[in-house]
Amino acid sequence: MDLIATPVEALKDRLELTARRFRRRMEGLDRKSVGIALGSGAARGMAHIGVLEVLFHEGIHIDVVVGCSMGAVVGGCYASGMEAEAIEEVAVSINKLDVARHVDLVSPTSGGLMAGSKLSALLKELTGEKTFDELRFPFACVAADILTGDEVPIDDGYVYEAMRASSSIPGVFQPVVHGKRVLVDGGILNPVPANYLRALGVDLAIAVDVMPVLRPSEEQLGRVPSIPSTLINSFDIMGRLVAAPLTRLADVVIKPDVGEVFGAELWRAPELIEKGREAAKAAIPAICKALKV
């Protein structure tokens, strides 16, 4: 299967700002550089938080983060200065009522079922309106232009706006208009952007893949799902196929077992974060071995 994502060589010029920040970060450091790609997966991306916690406590220094969709949300918050534990506090506080409060329905003719303005406000609050130049380490995320089909790496401007664009699931959220670009969730082209890490030249590339193998319950079998469920499941099915060749670009792949969680079940953060911890702990020997070679 050919990669749908932008080839590594073609990415180098498009990630020039991130590459410059990455070189500055590594100046004078006598160790291998580590980059992590946090993949899309809607609610299942909460597992990224557990992964980051384990890497931090194991003394694995992350030098650059790239992300898509929920991976962009978690990665952007982490790069903005929030520790994994602080992100976890926010995540585990989410309940079904909180999810309902952030639903801002609009006319379906507007490009999505929800405006996404409440999501934007939350991301703005979490990142403190930081720009990419103000982050504690380099960060980039991926979106897709729904009009042209172009993959759009974002590493400039306000981080919360980039996170919002990268996580705009087509049909669920209204696209983000940026100049002549109409941006949606980058997961339709590049759900696990390990190719970004290769383009930046990191020594150790870690990919976290939270794309699911769908496991419907007995009650769900034979029942027609809602419009949001249909859109999210379609996105998941496609994303799983696209993610497979991308993860092969990483040196170490962490794949939390989150397949039985539906993408909108944000209130299941505690168990998702624990799944991330479990998968990260299992990957520590491979990471340590790669860093010592």
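**Figure 1. The side chain of D185 reaches the backbone nitrogen of G187.** In this predicted model, the distance from the D185 side chain to that backbone nitrogen of G187 is 2.8 Å. D185 itself belongs to strand 8, which runs over residues 181-185. Which side chain of opposite charge is nearest to D185? That is R164, 9.0 Å away. D185 is therefore without a salt bridge, since such a bridge needs a nitrogen of Lys or Arg within 4 Å of a carboxyl oxygen. Even so, D185 is buried.

**Figure 2. Helix 8 is mostly covered.** Here is the stretch that holds R164, the residue met in the previous view. Helix 8 spans residues 159-166, and seven of its eight residues are buried. Those buried residues are V159, Y160, A162, M163, R164, A165 and S166.

**Figure 3. R20 and E16 pair up within helix 2.** Their side chains form a salt bridge with an N to O distance of 3.1 Å. Both residues sit in helix 2 (residues 16-26), four residues apart, or about one turn of the helix. An α-helix has 3.6 residues a turn, so residues three or four places apart point the same way. Are these two partners buried or exposed? Each falls in between: R20 is partly exposed, with a relative accessible area of 35%, and E16 is partly exposed too, at 46% relative accessibility.

**Figure 4. R21 and D133 meet in a salt bridge.** The N to O distance for this pair is 2.9 Å. R21 lies in helix 2, while D133 is found in the loop between helix 7 (117-127) and strand 4 (139-145), so the contact ties together parts that are 112 residues apart in sequence. The two ends have contrasting surroundings: R21 is buried, with a relative accessible area of 8%, whereas D133 is exposed, at 57%.

**Figure 5. A salt bridge joins R31 and D63.** Look here for an N to O distance of 2.7 Å between the two side chains. This pair links distant parts of the chain, 32 residues apart. R31 comes from the loop between helix 2 and strand 1 (34-38), and D63 from the loop between helix 3 (47-57) and strand 2 (64-68). R31 counts as partly exposed, at 30% relative accessibility. D63, by contrast, counts as buried, with a value of 0%.

**Figure 6. E53, E88, E274 and R277 belong to one salt-bridge network.** The four residues are joined through salt bridges that share partners. How many salt bridges are there in the whole structure? A search finds 16.

**Figure 7. One cavity is lined by seven named residues: D257, V258, E260, V261, R268, E271 and K275**. The structure holds one cavity of 30 Å³ or more, and about 30 Å³ of space lies in the largest cavity. What classes of residue make up the lining of the largest cavity? Five of the residues are charged and two are nonpolar, with no polar ones. Among the charged ones are R268 and K275, and the nonpolar ones are V258 and V261.

**Figure 8. A42 and S69 have positive phi values without being glycines**. For A42, phi is near 55°. A42 is placed in the loop between strand 1 and helix 3. At 13% relative accessibility, A42 counts as buried. For S69, phi is about 60°. The loop that holds S69 runs between strand 2 and helix 4 (70-80). S69 is buried as well, with a relative accessible area of 4%.

**Figure 9. N95 sits in the loop between helix 5 and helix 6**. Helix 5 covers residues 84-92 and helix 6 covers residues 96-101. N95 counts as partly exposed, at 35% relative accessibility. How far is the C-alpha atom of N95 from that of A84? The separation is 19 Å, for two residues that are eleven residues apart along the chain.

How values were computed:
Residues numbered from 1 in each chain as written. Predicted model: local features only at pLDDT ≥ 70, side-chain atom pairs only at ≥ 80, totals over all residues. Heavy atoms only, no water. 1 Å grid on protein atoms, 1.4 Å probe; cavity = no way out; pocket = protein on both sides within 12 Å on 5 of 7 lines; lining within 4 Å. Points joined across faces, edges and corners; volume = space filled by probe spheres on them. Helix = DSSP H or I, 4+ residues; strand = E, 2+ residues; numbered from the N terminus. Buried < 20%, exposed > 50% of the residue type's maximum accessible area, 1.4 Å probe, protein only. Lys, Arg positive; Asp, Glu negative; His and termini not counted. Polar contact = N/O pair within 3.5 Å; in protein donor to acceptor, adjacent residues only side chain to side chain.
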